[in-house]
Amino acid sequence: MEERMYSVEEVADLLGLHVRTVRGYIRAGRLDAVRIGKQYRIPAAALEALTGRPRPAQDGPGGGAGRAEASSIVQIDGVGRAAADRIATFVLAGVNTGRGDGGALRVQTVHDEERRRMKIVILGGVPATAEVLRLIEAVLDGGVLDDRGSGGGAAGAGREAGGA
């Protein structure tokens with residue numbers, strides 16, 4: 001059985017990206033591809049590795065029925081750079097331990113120094129997403145926000161969660 005190979009254009013359409021962005025990912029090494037002549041071909045496994053989730057199921061019996069995914073955004077206010085780095089390290093380390101029971105998971109963190117705000121974006125299976133939310137709560141309750149170097153604490157920490 002041979003593995004499905006995608007063109008750069010197909011990957012761009014699947015991910016909602018510009019073709020140049022996909023080519024940039026290939027050149028930067030973020031997306032594995034095979035060059036055939038003047039064109040790149042991307043193996044399905046490389047696409048899965050980039051997105052952190054399996055490719056969409058083909059039409060057929062059991063094509064994705066009963067599968068649920070969740071997306072959440074956690075916003076934490078009053079966070080300096082040092083505290084944001086600690087939170088990101090704890091959360092990403094917890095996610096990367098990979099217990100493998102909740103499906104594919106993708107987590108990104110963003111810090112806005114000017115607003116002293118951090119956002120954590122979580123995409124994945126419902127059980128895995130819930131586990132990450134519990135992990136974030138535990139990290140925040142553990143005093144990680146005590147930012148000695150920036151004179152702030154967790155007093156103004158607010159959390160928002162949005163689901164899909």
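In this predicted model, β4, β6 and β5 form an open sheet of 3 strands, arranged in the order β4-β6-β5 and paired in the antiparallel sense. β4 and β5 (105-112) stand at the edges of the sheet; each has a single partner strand, so one side of each is left without a neighbour there. On average, neighbouring strands of this sheet are turned by 10 degrees against each other, with direction ignored. As general background, the strands of a sheet pair through backbone hydrogen bonds, and the pairing can be parallel or antiparallel. The antiparallel pairing of β5 with β6 runs over 8 bridges. To follow this pairing by eye, a reader may start at Val107, whose bridge partner in β6 is Ile122.

Two helices pack on this sheet. Helix α4 touches β4, β5 and β6, and its direction makes about 175 degrees with that of β5. Helix α5 also touches β4, β5 and β6, with its direction at about 155 degrees to that of β6.

The next topic is the nonpolar interior. In soluble globular proteins, nonpolar side chains tend to be buried together. Here, the largest nonpolar core has 17 residues, and Ile87, Val91, Ile120 and Ile136 have the most contacts inside it. Two or more residues of this core come from each of β4 (69-77), α4 (81-96), β6 (117-125) and α5 (126-141). Helix α4 gives the most, with 6 residues. Ile136 is a good place to look at these contacts: leaving aside residues up to four places away in sequence, Ile136 touches Val74, Val91, Ile120 and Ile122. Apart from this core lies another one, of 14 residues, which includes Val8, Val11, Tyr40 and Leu47.

Now to the charged side chains. Side chains of opposite charge can pair when their charged atoms come close. A search of the whole structure finds 6 salt bridges. In one of them, the side chains of Arg117 and Asp77 meet with a distance of 3.1 Å from N to O. This pair links distant parts of the chain, since Arg117 belongs to strand β6 and Asp77 to strand β4, 40 residues apart. Arg117 has a relative accessible area of 28% and is therefore partly exposed. Asp77 is partly exposed as well, with a relative accessible area of 23%.

Another salt bridge joins the side chains of Arg81 and Glu113, at 4.0 Å from N to O. Here too the pair links distant parts of the chain: Arg81 lies in helix α4 and Glu113 in the loop between β5 and β6, 32 residues apart. Arg81 counts as partly exposed, at 41% relative accessibility, and Glu113 is partly exposed with a relative accessible area of 41%. Arg81 and Glu113 are also linked with Asp85 in a network of salt bridges. Asp112 forms a salt bridge with Arg115, and the closest N and O atoms of this pair are 3.0 Å apart. Asp112 counts as partly exposed at 25% relative accessibility, whereas Arg115 counts as exposed at 55%.

There is another sheet to explore. This open sheet of 3 strands has the order β1-β3-β2, with antiparallel pairing. Its edge strands are β1 and β2 (34-36), each of which pairs on one side only. Neighbouring strands in the β1-β3-β2 sheet are turned by 40 degrees against each other on average, direction ignored. β1 and β3 run antiparallel and are joined by 3 bridges. Met5, for example, has Pro43 in β3 as its bridge partner.

Helices lie across strands in this part of the model too. Helix α1 lies across β1 and β3, running at about 85 degrees to β1. Helix α3 also lies across β1 and β3, and runs at about 70 degrees to β3.

A closer look at α1 (residues 8-15) shows that Val8, Val11 and Ala12 are buried. These residues cover an arc of only 100 degrees around the axis, which puts them on the same side of α1. What covers the buried residues of α1 includes β1 (5-7), α2 (19-28), β3 (39-43) and α3 (44-51). Val8 and Val11 are also among the members of the core of 14 residues. After α1 comes Gly16, whose phi is positive, near 70 degrees.

Methods:
Residues are numbered from 1 along each chain as its sequence is written. This is a predicted model: local features need pLDDT of at least 70, side-chain atom pairs count only at pLDDT 80 or more; totals for chains, interfaces and linings use all residues. Side-chain values use heavy atoms; hydrogens and water are left out. Buried means under 20% relative accessible area, exposed over 50%, partly exposed in between (1.4 Å probe, protein chains only). Helices (H or I, at least four residues) and strands (E, at least two) are DSSP runs, numbered from the N terminus. The arc is that of the directions from the helix axis to the C-beta atoms. Contact means heavy atoms within 4.5 Å. A nonpolar core is a set of buried Ala, Val, Leu, Ile, Met, Phe, Trp, Tyr and Cys residues joined through side-chain atoms within 4.5 Å. Two strands pair if DSSP finds at least two bridges between them. Axes are lines fitted to C-alpha atoms, for helices over the stretch in contact, and angles run from 0 to 180 degrees between N-to-C directions.
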